[in-house]
Structures are given as structure tokens and as C-alpha cells.
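Biologist: I would like a close look at one spot in this protein, and then a walk outward from there. Please keep the sentences short.

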Amino acid sequence: MLYNGWIMIEDPSQMQDLFFYITLFHRKCASTHNVIILMAHSAPMVVVYHPQYATHIQYRYHPESPFRMEYIIKKVTSLGLKQEIIEPEAASEGDILAVHRPTYLEKIRSSTMKYLDGETVIREDTYDVAMLAAGGAVTAVNETYLRNRPSFAIVRPPGHHAGPDYGGGFCYFNNSAIAARKALKMSSRVAIVDIDAHHGNGTQDIFYETSKVLYISTHQFGIYPGTGRYNEAGRGDGEGYNINIPLPARSGDSTYLYAFENLVMPVLKEFNPDAIIVSLGVDAHYRDDMSGLELSSTGYLELAALLQDFSEKYMKNRLVYVLEGGYNGVPLSEVVAGIIGRFEGKKVHLQYGDIRDESIKGKEYVDRSRNFFSQYWKL
Ligand SMILES: [Zn+2]
């Protein structure tokens, strides 16, 4: 912090201390100085990545392939990040068992050439890389809590379709759920915001009966895995804490912003989480063939800005991104790099920033979820 009429802070969590000092200063000095506060930038993200993530191959021409990592890492390293990229260790069995059943863990460990579904194969190296992906999510949470800095676990294979005793949809262990369980050891309330194009059926199942984890998912209605109706709201203690916002095809930037401003952010504020895990999938992008949704790279960054502002204001930067889907290298890498760059005040050139949805095409669907959840939340 410098002082000569100017004050510069790098960590937004210092703001409260700063106002205290300013008040003190004005009390002590009769003269009134002009005090200008400059936010140098937000806290830079901690990036978690392991080269082994770029080795696992389902089968030839499978969309969930190593090229995804290659695109992202090339783009991210071109930013000239202040922070080194941290290599995680594999998750412990305890981390996995906080979410999955022992028999399921054993199935992934001991099987080879077994299909969880038509597109999800257990190969010889699957267990090791899946443990490393879960370990990446755990490391991201630990770094965030230790340093009050946001983090990004750039991992594969993805996880949000893996439930307590099942996998599928390219997923083995539920990295985001494992991250949330880890955060719950240090906190009492954690939110998961899932902006993958597909519903995170695994994450929903894992936390369906608890009020400690708020799960909010935006996804395309009617595509894989077929779950995620607006009225799947949780059970028992968890009732009202599972929020689905299914959207029709062609929903894009204005629909997502409408959903975030009128449902996601107000509920997050009321829930008041200690940390947010973001299950980030870039397959809702208009350049990604895996869904009919039409978010642009600009739209993704606008959603990221809302979450970033929220985490700076209310959660001491406890914002943990965990990568899920996204199968077109260019939009995937520019969105991931754009999010990371934003925390360092670096603007990333966006090739795919055209806005396709300016008229809130999915408004009716968002309103339906919002009306339904107004019985649980102040909406
Ligand atoms: Zn997806």
C-alpha cells in the first residue's frame, strides 16, 4: 500500500481495512487530503494443471480428447501470467469416498476396457488420470482457502455426470463435487454454479438431500442426460437447494444474463456461501456442436464477471473454477484464458464474441424456474 494522497491495493479483501485507516487518518489530521483509491487489479487466479491431463484418450475421434488441453494451455501461457501453473497430486481415496461409493471407486480402479456408457471407456490409465483430475480440483480449493485467491482447475476428464455409484458422459469422478466436499471441511455453506450445456446429474444426485451445498445449473432442456427439470428441487433438508434452469435451444447471452440477474445472483446472495465452485463447460457456446445453446465468448465473460464481483465482495475471493465440457478448441481456450486474464486486468482478444441472442429467447423458461423457486427464496 502506498500513501501520498494515493492508495493502491492489490487485494480487494483489504478494502475494509483500508476504509478503517482512511477514517483514522481523517480524524488525526485537521486538513482534508484527497484520497483516491486505485484498484490495481483483482487477485490473480491460481491455475492448477497437470501435463497428464493431456494424455487420456477414450478412443479415436472422441470429442473429449487431449487437444482440449493443448488449446487451453497454449492460450493461457500466451497471457504471460504472473502466477506459475501449479501441478497437483492425485486425490486421496478419502477425497473420492467423500462423494463416491467404495464399490464404484474399486470399479474404476480395477477395470480396463469396460464401458460406463457408449462414450465413456475405462482404460488402463483412466484411474490414474481421473484421480489426478480430482486432485486438481482439491488443490484448487486448498489454494483458494489458503491464499484467498480465486483458482482454476484446468482438468480432464470432466466430472459432473458422475454420481455416487455411476459414471458416464465422459466422466468418472465428480471433480466439482469432490471440490465442494473439500471446501465444506473448512466452511459451512458452499454453492456450485454449473454452466455446462448439459445438466450435472451426478452433482445433483450427490447433494440432493443437503442444504449445505446449493446446486444451480443452467443447461439445455431435453439433451443428454435428460435430467434437470425445473421442479427437481431437492429432497428433505435439501429441498429448495437444487435449482435447475433448463433452457431451450438458441438461448444465448441475453437469456443467461437475465437468468443470472433475476435468479442465480439473488439466490447466491441470500444463501451467502463461503465459496463458489463453478462447473465451467464451454459447450453452451454457439461455436460448439455439442448443444444448441448460443452463448458467445463475451457472454461467458459477462457471467464470469458477475461471479468474480460477487466473490470479491462477499467471499474473500473464494471462487474455484473446475473445467467440465467444451469441445471446440478456439472458443474453449479463449473463454478459459479470458476468465483468467480478467483477474489480472488482461483483456484477451475474443474471436467468437458475436451476440446471437439479444431478445431473451429463453425468458419463459427462466421465469418458470424463477416462479417455482420463489417459494424457497426471496425472488
Ligand atoms: Zn457438457
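Biologist: How many other C-beta atoms lie within 10 Å of asparagine 148, and does that make the residue buried, partly exposed or exposed?

Modeller: First, the ground rules. This is a predicted model: local features need pLDDT of at least 70, side-chain atom pairs count only at pLDDT 80 or more, and totals for chains, interfaces and linings use all residues. Residues are numbered from 1 along each chain as its sequence is written.

Now your residue. Asparagine 148 has 16 other C-beta atoms within 10 Å, so it is partly exposed. The cut-offs are simple: 20 or more other C-beta atoms within 10 Å means buried, 12 or fewer means exposed, and anything in between is partly exposed, with C-beta atoms placed from the backbone. Asparagine 148 sits in the loop between helix 5 and strand 7. Helices (H or I, at least four residues) and strands (E, at least two) are DSSP runs, numbered from the N terminus. The phi of asparagine 148 is positive, about 50 degrees, although the residue is not a glycine. Most residues other than glycine have a negative phi, and most peptide bonds are trans.

Two other residues share the positive sign. Arginine 250 has a phi near 80 degrees. Its place is the loop between strand 10 and helix 8. With 15 other C-beta atoms within 10 Å, arginine 250 is partly exposed. Asparagine 272, which follows helix 8, has a positive phi near 55 degrees.

Back to the elements beside asparagine 148. Helix 5 (residues 126–147) gives 12 residues to the largest nonpolar core, and no element gives more. That core has 103 residues, and those with the most contacts inside it are Ala179, Ile277, Val278 and Val322. A nonpolar core is a set of buried Ala, Val, Leu, Ile, Met, Phe, Trp, Tyr and Cys residues joined through C-beta atoms within 7 Å. In soluble globular proteins, nonpolar side chains tend to be buried together. Valine 322 touches a long list of residues, among them Ala137, Ala140, Ala153, Ala179 and Ile277. Two residues are in contact if their C-beta atoms, placed from the backbone, lie within 7 Å.

Strand 7 (151–153) is on the other side of the loop. After it, in the loop before helix 6 (175–184), comes proline 157. A cis peptide bond joins arginine 156 to proline 157, with omega about 0 degrees. A cis bond also joins tyrosine 224 and proline 225. Proline 225 is in the loop between strand 9 and strand 10.

Strand 7 also helps to cover the buried residues of helix 10, as do strand 3 (46–48), helix 2 (67–77), helix 9 and strand 12 (319–323). Helix 10 (residues 329–342) is largely enclosed by the rest of the structure, because 11 of its 14 residues are buried. Pro331, Leu332 and Ser333 are among those buried residues. The length of helix 10 fits too: at 1.5 Å a residue it should span 20 Å, and its end C-alpha atoms are 20 Å apart. The expected span is 1.5 Å times one less than the number of residues.

Helix 9 (297–314) appears again around helix 8, where strand 8 (190–194), strand 9 (213–220) and strand 10 (242–247) also cover buried residues. Helix 8 (residues 253–271) bends by about 45 degrees at phenylalanine 260. The bend is the angle between axes fitted to the seven residues ending there and the seven starting there. Phenylalanine 260 is one of the buried residues of helix 8.

Now those strands. 8 of the 8 residues of strand 9 are buried, so strand 9 is largely enclosed by the rest of the structure. Strand 9 runs parallel to strand 8, with 5 bridges. It also pairs in the parallel sense with strand 10, over 6 bridges. Two strands pair if DSSP finds at least two bridges between them. Isoleucine 192 has tyrosine 215 of strand 9 as its bridge partner. Threonine 218 is matched with isoleucine 245 in strand 10.

Methods. Lists of a residue's contacts leave out its neighbours within four places in sequence.
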